[in-house]
Amino acid sequence: MIRVVLPTHLRVLARIQDEVALELAGEISLGDIIDALEEKYPVLRGTIRDPQTGQRRALVRFFACEEDYSNRAPQTSVPAAVASGQEPLFIVGAIAGG
Amino acid sequence: MPATRLLVGTAKGAFVLESDAARRNWNINGPFFGGWEIYHMKGSPADPDRIYASQTSAWFGQVIQRSDDGGKTWEAVGNEFRYDGETGQHLWYDGTQHPWEFKRVWHLEPSADDPDVVYAGVEDAALFKTKDGGRSWQELPGLRQHGTGPKWQPGAGGMCLHTILVSPDDPQKIYIAISAAGAFRSDDGGASWKPINKGLKSEYIPDPDAEVGHCVHRIAMHPSRSNILFMQKHWDVMRSDDGGDNWREVSGNLPTDFGFAIDVHAHEPDTIYVIPIKSDSEHYPPEGKLRVYRSRKGGEEWEALTQGLPQEHCYVNVLRDAMAVDRHDPCGIYFGTTGGQVYVSADAGDTWTAAARDLPKVLSVEVQTLS
């Protein structure tokens with residue numbers, strides 16, 4: 001099971017109270033997680049990545065095990081601790097503005 | 001049921017204000033979608049409880065919200081705006097060509113007779129339509145692809161399609177306006193388009209009377225006379241009496257003819273309203289006096305309406321979609337400011353009160369006349 005922590009605005013939009021749990025197993029990539037997230041919560045389509053290009057939105061960040069995965073390719077495997085559910089994948093709204 | 005419902009989109013959420021027909025006391029509901037920019041909200045004329053909202057964010061992109069109960073509860077519907085066919089290129093700030101990129105929805109225009117049909121004006125400029133209550137959106141590509149697109153360019157606020165006017169007597173006739181491309185008309189329901197900018201003069205483009213490239217800020221039309229249009233351009237207030245084929249300036253005695261908003265009295269087709277703004281770099285009222293100007297002759301001769309509006313030290317702006325008129329008698333006039341005030345006149349502009357004073361920056365105001 002994969003755990004995902006979403007930023008407040010996306011939790012409100014998707015009416016999610018807490019972490020998201022996704023049933024994924026085996027070798028899991030960043031792209032697999034976003035695919036599963038959008039499948040479970042269609043309202044999130046387009047809010048994390050562009051629906052046409054698949055590119056991460058410029059002001060969204062992916063953090064895992066205290067590392068920035070934002071600029072890794074979608075095929076990049078997430079760390080074992082995330083794949084096992086020990087650690088969540090953090091999807092974060094970037095710091096922007098004053 | 002309230003007699004009057006105001007839909008206020010702000011930089012940090014949506015507000016729904018309700019009042020009776022007297023329009024003196026207002027209940028403020030919201031914020032809805034707190035923290036998001038609400039570029040526009042508009043109710044369906046065919047079903048006033050059906051309201052659409054454009055919710056957008058630099059972080060998380062575009063969401064379209066829909067309410068079926070007059071703004072009490074909301075459901076996110078379709079948010080995919082895919083350009084149809086060749087993406088194409090337009091003029092960029094540095095003079096080069098730049099591919100069309102969808103950024104946000106500026107304006108939602110529900111159909112007069114079908115609550116599931118809505119037009120959407122977007123940035124980068126294009127016109128979309130839904131026939132299923134916002135679940136899916138299809139571009140009307142004839143506008144973007146009609147030939148002048150490579151000459152369109154973004155204004156300071158982006159290359160936005162911000163005005164959509166559908167003729168009540170002939171829904172095949174649609175006017176739209178784009179900053180900075182100009183005004184366009186379709187006579188076949190949006191399949192084909194032509195620029196309608198003859199008579200506009202814009203000193204900020206190389207050819208001041210070019211076919212396209214004009215920064216039109218807003219067009220208004222009285223529903224009973226769909227061939228007569230009023231325009232607030234970047235500079236100049238303009239009028240057309242032939243469906244946009246020809247324009248003439250009607251700025252007359254305005255203290256400045258720069259501004260964003262323009263609207264028409266609900267029951268007097270020759271009574272129009274503008275809010276002059278000092279200049280294109282000084283986005284506040286001249287002399288620090290917030291004044292609505294009314295012409296009862298369709299332009300040229302204007303009177304200042306000031307009673308109840310701040311007449312000193314006022315340096316707010318009023319954006320293009322932030323003025324509306326209701327259909328009560330006497331007609332109500334509404335506008336919201338970048339300082340978060342929403343002003344109401346229940347007597348066609350003679351006197352004003354504030355329905356709200358401390359909202360976030362107001363991006364849009366629409367009003368529904370419910371009884």
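Visitor: Before chain A, what is the radius of gyration taken over, and what is the globule rule?
Guide: The radius of gyration is taken over C-alpha atoms, and the globule rule is 2.2 Å times the number of residues to the power 0.38. Keep in mind that this is a predicted model.

Visitor: What does that rule say for chain A?
Guide: For 98 residues, a compact globule would have a radius of gyration near 13 Å. Chain A has 12 Å, which agrees.

Visitor: And what does the C-alpha trace of chain A span along its principal axes?
Guide: About 35 × 25 × 25 Å.

Visitor: How many helices and strands in chain A?
Guide: Chain A has 3 helices and 5 strands. Starting at the N terminus, the elements of chain A follow the order β-α-β-α-β-β-α-β.

Visitor: Salt bridges next. How many over all chains?
Guide: There are 34 salt bridges in the structure over all chains. One of them joins the side chains of A:Arg49 and A:Glu38, at 2.9 Å from N to O.

Visitor: Where do A:Arg49 and A:Glu38 sit?
Guide: A:Glu38 is in helix H2 (30-40) of chain A, while A:Arg49 is in the loop between helix H2 and strand S3 (60-64) of chain A. The two are 11 residues apart, and the pair links distant parts of the chain.

Visitor: Moving to the interface. How many residues of chain A and chain B are in contact?
Guide: On chain A 17 residues are in contact with 18 residues of chain B. The two chains bury about 1300 Å² between them, with 57% of it on carbon and sulfur atoms.

Visitor: How many salt bridges across the interface of chain A and chain B?
Guide: The rule finds 0 salt bridges there. For polar contact, the count between chain A and chain B is 6 residue pairs, both residues at pLDDT 80 or more.

Visitor: Which helix of chain A gives the most to the side that touches chain B?
Guide: Helix H1 (residues 8-14) of chain A, with 3 residues. By type, the side of chain A that touches chain B has 9 nonpolar, 5 polar and 3 charged residues.

Visitor: Different topic: in what order do the 4 strands of the open sheet in chain B come?
Guide: The order is S18-S19-S20-S21, with antiparallel pairing. Strands S18 (216-221) and S21 (248-249) of chain B are at the edges, each with a single partner strand, so one side of each has no neighbour in the sheet.

Visitor: How many bridges pair S18(B) with strand S19 of chain B?
Guide: S18(B) pairs with strand S19 (residues 229-233) of chain B over 5 bridges, in the antiparallel sense. B:Val216 has B:Lys233 as its bridge partner in S19(B).

Note on methods: Residues numbered from 1 in each chain as written. Chains lettered and ligands numbered in written order. Predicted model: local features only at pLDDT ≥ 70, side-chain atom pairs only at ≥ 80, totals over all residues. Heavy atoms only, no water. Contact = heavy atoms within 4.5 Å. Buried area = accessible area lost by both parts, 1.4 Å probe. Salt bridge = Lys/Arg side-chain N within 4 Å of Asp/Glu carboxyl O. Polar contact = N/O pair within 3.5 Å; in protein donor to acceptor, adjacent residues only side chain to side chain. Nonpolar A, V, L, I, M, F, W, Y, C, P; charged D, E, K, R; others polar. Pairing = 2+ DSSP bridges.
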